[in-house]
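Here is a quick tour of one model, going from its surface to a sheet and then to some charged pairs. Keep the 3D view open as you read.

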Amino acid sequence: MGPLSRLRNIPSTAAYAALVVVWNGLRFTPLGSLAPFGLADLFGWLLFLPLPVLVVAAVVRRLPRAAVAAALPLLVFSAEYGPLFFPQRTPPRVSPLRVLAINQYFGNPDTTGVLRLLRSAQADVVAIQELSHVSARAIPERLSKLYPHQSLHPDDGAFGFGLLSRIPFDEPRPPQRDFGTCFCQEVTLHDARRTRVVNVHTFPPGASLTGLRTEHQEQTMAILRRKAAQARGPTVMLGDFNFSDRHRFYRGMRRSLGDSHRDAGWGFGFTWMAPVPVVRIDYVFHSRHFTTRRFQTRSTHGSDHRHVWAELVSRS
């Protein structure tokens, strides 16, 4: 029995609609913070995959009750992702700040490819996560003319940080990368706005058959949320946050900050598990002082992450 014929079984279509609506509603209840639900909901977007077939088939076969049932998950999808599949409004061409966040992967064998990407990115500020010692030695030699202002703190593991800038910034402090800290590197640019830039790479959640464990992220996210909520001047927080845009941590950040992908991106914007990413965990967040004119996510040489690039402009 093909998918069109199965639509005649209205209860099955209604059951699918109920599953999508209930599942997405549970995300906003205490159940959404439980480890098993958090792990499963990373891939909750897959629930929407049957939707185009069901909607088209209901219309073509003139099954009004099936169409009504399919309309419910369609409304849920439209509310969460709909604007990302339509052209975004283009802000005026004033005062751009171009930023790039790249998790280069600390074991990346293609340092030349990473350097080539940094050289061609046309960014004013580059935030690097998982900066390796090999890259940290090569960057001053190869990129000092393009990015004369640098703060490089490599690591043997996954918590090397680096900031490169065309714009001078204040004397940076060492990155914070211990439990109970923000797992971030912070500077203030000496531009007309005095923009604060926070390069973030949070500790990843633990994953097992029992679910997604986020206890190591809780304190870090509380600190980052405070930084976001207390931002008085222009602020950009970017990098590898190690949570998906379906997670409560994401919703916490969005209470205070805009998301450049939501401003000007297209589609789901997945960045992790390259070469076929299925989760979005790399972001450019910004304070209300900015909006985004352009946003891109592209592959990164030798890394399991796609990098994110945004052109920010001041709000009029």
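## A greasy spot on the surface

Let's start with Leu-46, which sits in the loop between helix H3 (35-41) and helix H4 (51-60). Bear in mind that this is a predicted model. Leu-46 has a relative accessibility of 38%, so it counts as partly exposed; the partly exposed class lies between the 20% and 50% cut-offs.

Leu-46 also belongs to a nonpolar surface patch of about 330 Å². Its other members are Phe-43, Leu-49 and Met-273.

## The five-stranded sheet

Now for the sheet. It is open, with five strands in the order S5-S6-S9-S11-S10 and mixed pairing. Strand S5 (184-188) and strand S10 (258-259) are at the edges; each has a single partner strand, so one side of each has no neighbour in the sheet. As a reminder, strands of a sheet pair through backbone hydrogen bonds, either parallel or antiparallel.

Both senses turn up around S9. Strand S6 (residues 196-201) and strand S9 (residues 235-240) run parallel and are joined by six bridges. If you want to check the register, look for Asn-199, whose bridge partner in S9 is Leu-238, and for Val-200, which stands opposite Gly-239 in S9. With strand S11 (residues 282-286), S9 pairs in the antiparallel sense over five bridges. Here Val-236 has His-286 in S11 as its bridge partner.

## What lies over S9

How many of the residues of S9 are buried? Six of its six are, so to speak, under cover: the strand is mostly covered. Helix H8 (residues 215-229) lies across S5, S6 and S9, and runs at about 155 degrees to S9.

## Charged pairs under cover

The structure holds 15 salt bridges, and a few of them deserve a closer look. Take Arg-27 and Glu-80: they form a salt bridge in which the closest N and O atoms are 3.2 Å apart. This pair links distant parts of the chain, with Arg-27 in the loop between helix H2 (10-26) and H3, and Glu-80 in helix H5 (residues 64-81), 53 residues apart. Arg-27 and Glu-80 are both buried. The two also belong to a network of salt bridges that takes in Asp-41 and Arg-246 as well.

Next come Arg-280 and Asp-259, whose side chains meet in a salt bridge at 2.7 Å, N to O. Arg-280 is in the loop between helix H10 (260-264) and S11, while Asp-259 is in strand S10, so the pair links distant parts of the chain, 21 residues apart. Why does Arg-280 count as buried? Because its relative accessibility is 2%, and buried means under 20%. Asp-259 is buried too, with a relative accessible area of 0%.

## A bridge between S12 and S13

Finally, Glu-311 forms a salt bridge with Arg-293, and their closest N and O atoms are 2.6 Å apart. Glu-311 is in strand S13 (residues 306-314) and Arg-293 in strand S12 (residues 290-299); the pair links distant parts of the chain, 18 residues apart.

Buried or exposed, then, for Glu-311? It is buried, with a relative accessible area of 1%. Arg-293 is buried as well, with a relative accessible area of 9%.

Definitions and conventions
Residues numbered from 1 in each chain as written. Predicted model: local features only at pLDDT ≥ 70, side-chain atom pairs only at ≥ 80, totals over all residues. Heavy atoms only, no water. Patch = residues over 30% accessible without salt bridge, like charges linked within 9 Å, V, L, I, M, F, W, Y side chains within 5 Å. Areas by Shrake-Rupley, 256 points an atom, 1.4 Å probe, with all protein chains shown as cover. Salt bridge = Lys/Arg side-chain N within 4 Å of Asp/Glu carboxyl O. Helix = DSSP H or I, 4+ residues; strand = E, 2+ residues; numbered from the N terminus. Buried < 20%, exposed > 50% of the residue type's maximum accessible area, 1.4 Å probe, protein only. Pairing = 2+ DSSP bridges. Contact = heavy atoms within 4.5 Å. Axes fitted to C-alpha atoms, helices over the stretch in contact; angles between N-to-C directions.
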